[in-house]
Amino acid sequence: YPSGNLAIIVTQERDHLICIVQEDELRTAKIRALFQSDGRSTCYYPNGDEWINMSIQGGQYLDQAGNRVRRWMWPNLSPRPHVPLSPIFISLNRHVGVRILAQDKIFVSFLAMGRQAKFNMGTKVQVSAASQLPPPARLGEDELLLLAFRVRILQLFDRMRGCLNFPSSEQWNKMQPPTYLMNQAVKILQLCMAADISDELRSSIRALVNT
């Protein structure tokens, strides 16, 4: 960055390239995006929430409340009808932008002081390789707990908003959480069922998200 802080790191881990975009900060250096040449990529909002998440199957675009705005599948993975991708462009900050045009056309651009650098972190997965995709990695105990606490905190914030908007306890006690929070709670419980964790932890997570 013009400030002297490191903006973009491109490194190689075994056969994969990794591109990391950092925020223009000296001490914390928040990660704003992570792109991998194996098809996995994530972009984050300034507060750390997930913005865009992509895999070799497809991707999704979330708003700042956690609602899914778009979802798509890459067309070369299946002969069946798929949800196409409309081109996406986001600005991580005033110097770094991300343009997503296709699976093999994912561009990270950096512009400062009249000079520009551009990286293509897209990849191409053929149909024959798609049938041999590895199963998705299962989340560990710490990750599942963090997800559960995040949903619980969002539930509490929503409840606080209900208290402010409807001071009468008879009204806000009857209000249901937003649909996206209910969906997230269901997904976490599904992940718990598939994870190799103790029954005690599974019960604790269930109590957290169902409170």
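**Exercise 1.** How many bridges join β8 to strand β9, and in which direction do the two run relative to each other?

*Solution.* The model is a predicted one, and the pairing is read from it in two steps. First, strand β9 covers residues 96–102, and 4 bridges join β8 to this strand, the two running antiparallel. Second, a single pair of residues can be picked out, since the bridge partner of serine 91 in β9 is glycine 97.

**Exercise 2.** Place β8 in its sheet, and work out which strands stand at the edges.

*Solution.* Begin with the order of the strands: the sheet is open, has 4 strands arranged as β8-β9-β10-β11, and is paired in antiparallel fashion. Next, look at the two ends, where β8 (88–91) and β11 (115–120) each have a single partner strand, so that one side of each is left without a neighbour in the sheet. Finally, the neighbouring strands of this sheet are turned against each other by 15° on average, direction ignored.

**Exercise 3.** Describe the sheet of 7 strands in the same manner, and then follow the pairing of β3 with β4.

*Solution.* This sheet is open as well, with antiparallel pairing and the order β1-β2-β3-β4-β5-β6-β7. Its edges are formed by β1 (8–13) and β7 (68–73), and because each has a single partner strand, one side of each is without a neighbour in the sheet. Between neighbouring strands the average turn is 10°, direction ignored. Within the sheet, strand β3 (residues 31–36) and strand β4 (residues 41–44) run antiparallel and are joined by 3 bridges, and alanine 33 stands opposite cysteine 43 in β4.

**Exercise 4.** Is glutamine 36 buried or exposed, and which residues is it in contact with beyond its neighbours within four places in sequence?

*Solution.* Locate the residue first: glutamine 36 is found in strand β3. Its relative accessible area is 15%, and because buried means under 20%, glutamine 36 counts as buried. Once neighbours within four places in sequence are left aside, glutamine 36 is in contact with Leu17, Ile18, Ser41 and Met121.

**Exercise 5.** How many cavities of 30 Å³ or more does the structure hold, and what lines the largest?

*Solution.* The structure holds 1 cavity of 30 Å³ or more, and about 50 Å³ of space lies in the largest cavity. The lining of this largest cavity consists of Gln36, Gly39, Ser41, Trp74, Gln103, Ile106, Met121, Gly122 and Thr123. Sorted by class, the lining has 3 nonpolar and 6 polar residues, with no charged residues. Glutamine 36 from the previous exercise therefore returns here, as one of the lining residues.

Definitions and conventions:
Residues numbered from 1 in each chain as written. Predicted model: local features only at pLDDT ≥ 70, side-chain atom pairs only at ≥ 80, totals over all residues. Heavy atoms only, no water. Pairing = 2+ DSSP bridges. Axes fitted to C-alpha atoms, helices over the stretch in contact; angles between N-to-C directions. 1 Å grid on protein atoms, 1.4 Å probe; cavity = no way out; pocket = protein on both sides within 12 Å on 5 of 7 lines; lining within 4 Å. Points joined across faces, edges and corners; volume = space filled by probe spheres on them. Nonpolar A, V, L, I, M, F, W, Y, C, P; charged D, E, K, R; others polar. Buried < 20%, exposed > 50% of the residue type's maximum accessible area, 1.4 Å probe, protein only. Contact = heavy atoms within 4.5 Å.
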